[in-house]
Amino acid sequence: MNRTPSSSTPERERTGQVPGAGPGADGTGSAADPGNGAPLSNGLKQRHLSMIALGGVIGAGLFVGSKEGIAAAGPSIVLAYAVSGCLVMLVMRMLGEMAAASPASGSFSVHAGRSIGPWAGLTTGWMFTAQLCVAVAAEAIGAAGIMTGWFPGTQPWMWVLLFMVVFCGANLAAVSNFGEFEFWFAALKITAIGIFLVLGLLAIFGVLPGTSAPGVAHLSGDGGFLPNGSDGLVIGLLASVFAYGGLETVTIAAAESKDPVRGVARAVRTAMWRIALFYVGSMAVIVTVIPWNNADIAKNGPYVAVLDYLDIPAAGQIMNVVILIALLSAMNANIYGSSRMAHSLSVRGQGPRFLRTVSGGVPRRAVILCSAFGFLAVLFSYWWPETVFQWLLNMVGAAILVVWGFIAVAQLRMRRRLEREEPGKLVVRMWLFPVLTWVALAGVVAVLLLMLRDENQRVQLYFTGGFAVVLVAVGLAKQRMARQKDAG
């Protein structure tokens, strides 16, 4: 990657491979394609990484998905987001420790491969790639729905095709294009959420014209802080956990920056206040300003409901613009993340060889493949919405929890090795290691168990579990075959 050994020399050049694991199957990956020697670019600037880290936490799950959590948990949604936010902060801290010690475009898949075994790298990598590709389809469908609302004479597939072409093209051209798109998308999202929080706080203190301070009336009234009891809180907790997905992309992107160690360290260290401000702060404002059971929350979404209550002109259209930006930002980031993960897997001998090719610093075949799969998934949503597309959604429904579990186990093992062999690389350290790592792992297991209580979540858990079992079996088989080949 044309970087100094102290910050970003491909880890395989420094640590070697796991015997019998095949080319690159140590899980470390490489910045270079072993077939043509072309490295991935380092075109992301520090301002790109900083804004990706800031804006990546603000997604459509916050703007749209939070209404289901509020409907179930009521005011206690603030507690749900705070609890799940603590879990996410622990996961990000673990991931940041590993990424700062050994930057790699395969991120947690690389670390799982090295610390647990090549089969673990394959499982987490392909599960994450599939999740992002399906998410691209879901986001494209959502964005097309907004556009057809503005332009009734158009068809959804036209907008889906346009978005796919634009973001596939942007990712094909240069990594700096991805960074520039995300920089401005993130800036717009941060501005929007910042304005919302300021207006909400002014309303809460009765400073905004036409409003009176609500105090704690909406928090303690309307059924109390836990209007639907602990069951409602659990549903809100599950909804909030999945709203945090996407934070991992910054550790993938850091490997293509000029100073990945500093970029990852800064992103992880600011994760706490970002989560507290954007997620927990937003939920607190919403359920304080208006009653949690306000009909407009279910109809228009919580942010539009609050802005309408505050008599902000064109609130619905303003939020539609923000939601569209969030969806397009997620599409862009997911095409990027899935293509880099697929390329990293292929370099390690855990994916199709043709995905190893790098041209102009970009794994263009991987970008095209991941974009094509996303577009194909959109077609599935039109052709077989209740079968094939629903199966895809179910297969990746709990994928992020599986990934988080592997991150925790990988960090436990990698930290021990680094303390023993290379303590100088621990630029970012997990808090209270190993206690909080075990707490995070227990939290992931607890969320998986809570999913069994809800029928819809249970179906997703079963599908995701089946998908994970298949990937583990494939990974173990490839690992065994590679070792037999080396032994022979």
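I counted two rings of Phe, Tyr or Trp (for Trp, its six-membered ring) as a pair if their centres lie within 6.5 Å, calling planes under 30 degrees apart stacked, those over 60 edge-to-face and the rest tilted. The model is predicted, and I took local features only at pLDDT of at least 70 and side-chain atom pairs only at pLDDT 80 or more, while totals for chains, interfaces and linings use all residues. Residues are numbered from 1 along each chain as its sequence is written, and side-chain values use heavy atoms, with hydrogens and water left out.

**Aromatic pairs**

I looked up the ring pairs and noted a count of 17 aromatic pairs by this rule. For Phe167 and Phe181 the ring centres are 5.5 Å apart and the planes stand at 70°, so I entered the pair as edge-to-face. Because Phe167 belongs to helix α7 (residues 156–173) and Phe181 to helix α8 (residues 175–204), this pair ties together parts that are 14 residues apart in sequence. My helices are DSSP runs of H or I with at least four residues, strands are runs of E with at least two, and both are numbered from the N terminus. For accessibility I used relative accessible area, with buried meaning under 20%, exposed over 50% and partly exposed in between (1.4 Å probe, protein chains only). Phe167, at 3%, counts as buried, whereas Phe181, at 29%, is partly exposed.

I then turned to Tyr244 and Tyr279, which form a tilted pair with 4.4 Å from centre to centre and 40° between the planes. Tyr244 sits in the loop between α10 (229–243) and α11 (249–254) and Tyr279 in helix α13 (residues 271–289), so this pair joins parts that are 35 residues apart in sequence. Tyr244 is buried at 1% relative accessibility, and Tyr279 is buried with a relative accessible area of 1%. I also noted a cluster in which ring pairs link Phe63, Phe196 and Tyr303.

**Charges over rings**

I accepted a charge as sitting over a ring if NZ of Lys or CZ of Arg is within 6 Å of the ring centre and within 35 degrees of the ring normal. The charged end of Arg47 meets this over the ring of Phe183, at 4.6 Å from the ring centre. Arg415 lies over the face of Phe433, 4.5 Å from the centre of that ring.

**Helix α6**

The expected span of a helix is 1.5 Å times one less than its number of residues. Helix α6 (residues 118–150) has 33 residues and should therefore span 48 Å, and I found that its end C-alpha atoms are 48 Å apart, which agrees. Helix α6 is mostly covered, with 26 of its 33 residues buried. Pro118 is in helix α6 and counts as buried at 4% relative accessibility. From Pro118 to Leu237 I noted 33 Å in space, C-alpha to C-alpha, with their positions 119 residues apart in sequence.

**Helix packing**

Axes here are lines fitted to C-alpha atoms, for helices over the stretch in contact, with angles running from 0 to 180 degrees between N-to-C directions. I called angles under 35 degrees roughly parallel, over 145 roughly antiparallel, 65 to 115 roughly perpendicular and the rest oblique. A crossing is left-handed if the near helix is turned anticlockwise from the far one by less than a right angle, and right-handed if clockwise.

The axes of helix α5 (residues 107–115) and helix α19 (residues 399–421) come within 8 Å and cross at roughly 55°, so I entered α5 and α19 as oblique to each other; α5 passes α19 in a left-handed crossing. For helix α4 (residues 77–101) and α19 the axes come within 10 Å and cross at roughly 45°, which makes α4 oblique to α19, and this crossing is left-handed. Lastly, α10 and helix α20 (residues 435–451) pack at about 120° with their axes 10 Å apart, which makes α10 oblique to α20; the crossing of α10 and α20 is left-handed.

**Backbone exceptions**

I kept in mind that most residues other than glycine have a negative phi, and that most peptide bonds are trans. Phe433 and Pro434 are joined by a cis peptide bond, with omega about 0°, and Pro434 lies in the loop between α19 and α20. Leu432 is in the loop between α19 and α20, has a positive phi near 45° and counts as exposed at 63% relative accessibility. Asp311, which is not a glycine, has a positive phi of about 60°; Asp311 lies in the loop between α15 (302–309) and α16 (315–347) and is exposed at 64%.
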